[in-house]
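These are my notebook entries on what I looked up in this structure, written in the order in which I went through it.

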Amino acid sequence: ALNLEAKTLKNDATLGEAYKFNFSAIDIAIDTQTVVRSGGATRAFVNEGASITATGLKVDAQANVNKASIDKKVSFTATAAQAGTISTTVETAHRTEAYLGRRGGFSPTTDPGSITVGGDIAVTANSDNAAKFGGGFDLTFGAVDLQNVRDRVSTGGTTRAYVGGKFRVSGGDINVKANARNAATSDESSLSLKGINSGGETKTIETTHEAEAFVGYNSVIDLVNGAGVATGALNLEAKTLKNDATLEETYNFNLSAIDIAIDTQTVVRSRGATRAFVDERASITATNLTVNAEAKQNNATIEKGVSFDLTGADLGAVTTKAETAHVTEAFFGPQGGGAPTNFATGTIDVGGAIEVHADSNNTATIDEGFNFDLAVIDLKKFNPVVDASGTTRAYIGGRFTIDNGNVNVTANSSSSAKSKTLSFEITGVGAGTTSSQTSATHDT
């Protein structure tokens, strides 16, 4: 057998110790920026035009420890200072790929290759991606002009398994699988501000990773024997096994005699995409064809709530969101189901049924809600939002000639939005609007 295996065993980017700024009577004209990123790529592949004869073939790419983290608290102490934007980013951006043919699944550029094996062919890509702001922020400001405070925790990158090019394959099935696990997490953060003119504070915790399993554009994949008779099935499976965005600990604001001109915003979002598809102009001959996309653990969670202790402050809008926005798709043709991009026709010749399935589970939660202790405050707007959104779609598009068998296209989703405790203790406050939205708006 021929076994191709690429592994990234460790891919950690870490700021391990406390990060401290102490400013006094200072004018910082530009942004203060900290970026911790786990990038790079892991690839295993058989290039287009290759000829292989073996008892079996395995193409396996694994990157199961992609981590970006700030382990300790980021601390700012400022007095009588003018500061720009304080920006902190913690993110993963690794690319994991296993494939046959041309990288990216683009149109073939060489003569057909051949693969003759005694069993099944496995093309598998696996990744585990974690971004964590472990210590959070501790900001203590007095008599300061601060433009913005922004921090972002994100698990990005891609996990892709695909077959492309032109190959005549004699043997068993071809199993193409992409599996991804993603977690974006932030711990406790606190703002202690006095006598400050501030532009606002924005905190974003989100998953943006994409997992894909597909047959590339204009590819020719024939699973046949010497007589041209189909001998194996083609199975495409993309799974996002975990997709969690979480604010784990209490988020505290202690504000006094402050003018925050724009929104104070916290967003916890589980998004990204899971796709399994046959691209336009592809030609497939097989006994069966399965195209399956699953993302059953899309979770956006605020676990410990958000706390505001405000005195004598003029505050803009306070917006907090926990939302899912993942896209799960299984399809033939152009992404999104739009019009074909050319007049050429793909062909799919299978002896049995063609199965096209998309499944997702989406949960948005604020577990312990908000606690407001407000005195002599002008609060323009308060708006917590909990929304289980996103899309789950299965569809047939493009131009394809399909011979034999039935085509079964199904899309299933389960979505829930939950919000718990919300409390106010208010004295002498001029408030604009207060609204709370809990909704499940996922489209299937």
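Entry 1, on cavities. Before I looked for enclosed space, I wrote down what I would accept: on a 1 Å grid over the protein atoms alone, a cavity is a set of points where a 1.4 Å probe fits but cannot get out, and its volume is the space filled by probe spheres set on those points. I also noted at the start that I am reading a predicted model. With that rule, I found a count of 2 cavities of 30 Å³ or more. I then turned to the second largest cavity, which holds about 30 Å³ of space.

Next I asked myself which residues line the second largest cavity. I listed Glu280, Arg281, Pro340, Asn342, Ala344, Gly398, Arg399 and Phe400. When I sorted this lining by character, I got 3 nonpolar, 2 polar and 3 charged residues.

Entry 2, on the sheet that contains Phe400. Since Phe400 had come up in the cavity lining, I followed this residue and found that Phe400 in strand E38 stands opposite Gly346. Strand E33, which covers residues 346–350, is joined to E38 by 4 bridges, and the two strands run parallel. I then placed this pair in an open sheet of 7 strands with parallel pairing, whose order is E6-E11-E16-E22-E28-E33-E38. The edge strands here are E6 (51–54) and E38 (400–403), each of which pairs on one side only. For the twist, I noted that neighbouring strands of this sheet are turned by 10° against each other on average, with direction ignored.

Entry 3, on another open sheet. I looked up a further open sheet of 7 strands, again with parallel pairing, in the order E5-E10-E15-E21-E27-E32-E37. Strand E5 (41–46) and strand E37 (391–396) stand at the edges with a single partner strand each, so one side of each is left without a neighbour in the sheet. The average turn between neighbouring strands in this sheet is 5°, direction ignored. I followed the pairing of E32, residues 327–332, with E37, and recorded 6 bridges between these parallel strands. Within this pairing, Phe331 has Tyr395 of E37 as its bridge partner.

Entry 4, on Thr328. I stayed with strand E32, where Thr328 is found, and asked whether Thr328 is buried or exposed. Its relative accessible area is 0%, and Thr328 is therefore buried, the cut-off for that word being under 20%. Leaving out residues up to four places away in sequence, I found that Thr328 touches Thr274, Ala293, Glu294, Ala295, Ala358, Asp359, Ser360, Thr391, Thr392 and Arg393.

Entry 5, on strand E7. I wanted to know how many of the 14 residues of strand E7 are buried. For this strand, which covers residues 57–70, I wrote down 10, and I therefore describe E7 as mostly covered, with buried again meaning under 20% relative accessible area.

I then went through pairings of E7. Strand E1, residues 2–7, runs parallel to E7 and is joined to it by 6 bridges, with Leu2 standing opposite Leu57. Strand E2, residues 11–15, is also parallel to E7 and has 5 bridges to it, and here Ala13 stands opposite Ala68. With strand E12, residues 121–133, E7 pairs in the parallel sense over 12 bridges, and I noted Lys67 opposite Ala130 of E12.

Note on methods. Residues are numbered from 1 along each chain as its sequence is written. This is a predicted model: local features need pLDDT of at least 70, side-chain atom pairs count only at pLDDT 80 or more; totals for chains, interfaces and linings use all residues. Side-chain values use heavy atoms; hydrogens and water are left out. Two strands pair if DSSP finds at least two bridges between them. Axes are lines fitted to C-alpha atoms, for helices over the stretch in contact, and angles run from 0 to 180 degrees between N-to-C directions. On a 1 Å grid over the protein atoms alone, a cavity is a set of points where a 1.4 Å probe fits but cannot get out, and a pocket is an open set with protein on both sides within 12 Å along at least five of seven lines; lining residues have an atom within 4 Å of a point. Ala, Val, Leu, Ile, Met, Phe, Trp, Tyr, Cys and Pro count as nonpolar, Asp, Glu, Lys and Arg as charged, and the others, Gly among them, as polar. Buried means under 20% relative accessible area, exposed over 50%, partly exposed in between (1.4 Å probe, protein chains only). Contact means heavy atoms within 4.5 Å.
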